[in-house]
Amino acid sequence: MSGAVEIRDATDDDVAAITAVYNHVIDESDAIWIDDPLPEADRRAWLARQRAAGMPTLVAEVDGTVVGYSACFAFRDKPGYWPTVEHTILLGPGARGRGIGQRLLDALVDRAVALGKQVMVAGCDGGNEGAIRFHERNGFRRVAEMPAVGRKRGHPVDLVLLQRELDGPSR
Ligand SMILES: CC(C)(COP(=O)(O)OP(=O)(O)OC[C@H]1O[C@@H](n2cnc3c(N)ncnc32)[C@H](O)[C@@H]1OP(=O)(O)O)[C@@H](O)C(=O)NCCC(=O)NCCS
């Protein structure tokens, strides 16, 4: 993988690649608290919901291949949470450590600001130290740690919440 990175809106043609990245992360780590891979239909329906809600889903494409994606969505469903979005960023294994996560985050922040959002929240598995550091380097501060609020393949997992004010410093 050596070419230029293009960040663009996801389309239905990207669902297979999005599903492959998602299922890889489900399989290899505790980053997503789902035990087994999901079918493409699940991610297709999710992408349609993102679109219907007016929420951005971005993909990173290198040499014609989608290697990762980012998305933001409502943090919680009560109307009073309107200033806040939660987000996700997932890269396939060969795409990490090359600044692509940064590009996906920066573009997503631009979209969230354009939507009038003021706060972005990352919910990380407590053991995902690399992702926590990635967010801290990008202006997110750790605001909550919730021990054993989830299970992954039967074992307890901790949630670390980080937030960034979108009008504040990015790094
Ligand atoms: C977290 C993630 C989005 C960061 O994007 P990135 O472009 O790799 O960002 P960085 O280069 O700053 O690397 C972030 C961390 O990922 C890990 N990482 C970097 N390159 C890696 C590689 N080639 N293989 C495995 N992990 C790697 C490191 O722990 C690194 O942190 P460190 O440099 O402080 O040690 C990306 O690594 C990823 O998709 N990881 C798997 C899914 C995930 O955990 N998503 C976040 C859920 S909250």
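**Two positive phi angles, the fold and the largest pocket**

Let me begin with a single residue, Asp63, which at 54% relative accessibility counts as exposed, because the cut-off for that class is over 50%. I should say at once that what we are looking at is a predicted model. Asp63 sits in the loop that joins β2, residues 57–62, to β3, and although Asp63 is not a glycine, its phi is positive, at about 50°.

There is another residue to put beside it, namely Ala148, whose phi is near 55°, again a positive value in a residue other than glycine. Ala148, however, is placed in a strand, β6, which covers residues 141–152, and with a relative accessibility of 37% Ala148 counts as partly exposed.

Turning now to the protein as a whole, we have four helices and seven strands, and if you follow the chain from the N terminus, the elements come in the order β-α-α-β-β-β-α-β-α-β-β. The radius of gyration is 15 Å, close to the 16 Å that the globule rule gives for 171 residues, so the protein is as compact as a globular protein of that length. Taken along the principal axes, the box that the C-alpha atoms fill is roughly 40 × 40 × 30 Å.

Of the 171 residues, 40% are buried, and among the contacts with a separation of 6 or more, 64% are between residues 24 or more positions apart. As for the surface, the protein exposes about 8,800 Å², and 51% of that area is supplied by carbon and sulfur atoms.

That brings me to the largest pocket, whose volume is about 1,100 Å³. Which residues lie nearest its centre? They are Ala31, Ile89, Leu90, Asn128 and Ala131, out of a lining of 39 residues. The elements that contribute two or more residues to this lining are, among the helices, α1 (15–28), α2 (40–52), α3 (100–114) and α4 (129–137), and, among the strands, β3 (65–74), β4 (84–91), β5 (119–125) and β7 (155–165). The largest share, six residues, comes from β4.

And how does the lining of this pocket divide by residue class? It holds 20 nonpolar residues, 11 polar ones and eight charged ones.

To close, I would ask you to keep two items in view while you turn the model: the positive phi values at Asp63 and at Ala148, and the largest pocket with its 39 lining residues.

Key: Residues numbered from 1 in each chain as written. Predicted model: local features only at pLDDT ≥ 70, side-chain atom pairs only at ≥ 80, totals over all residues. Heavy atoms only, no water. 1 Å grid on protein atoms, 1.4 Å probe; cavity = no way out; pocket = protein on both sides within 12 Å on 5 of 7 lines; lining within 4 Å. Points joined across faces, edges and corners; volume = space filled by probe spheres on them. Nonpolar A, V, L, I, M, F, W, Y, C, P; charged D, E, K, R; others polar. Rg over C-alpha atoms; globule rule 2.2 N^0.38 Å. Buried < 20%, exposed > 50% of the residue type's maximum accessible area, 1.4 Å probe, protein only. Contact = heavy atoms within 4.5 Å. Areas by Shrake-Rupley, 256 points an atom, 1.4 Å probe, with all protein chains shown as cover.
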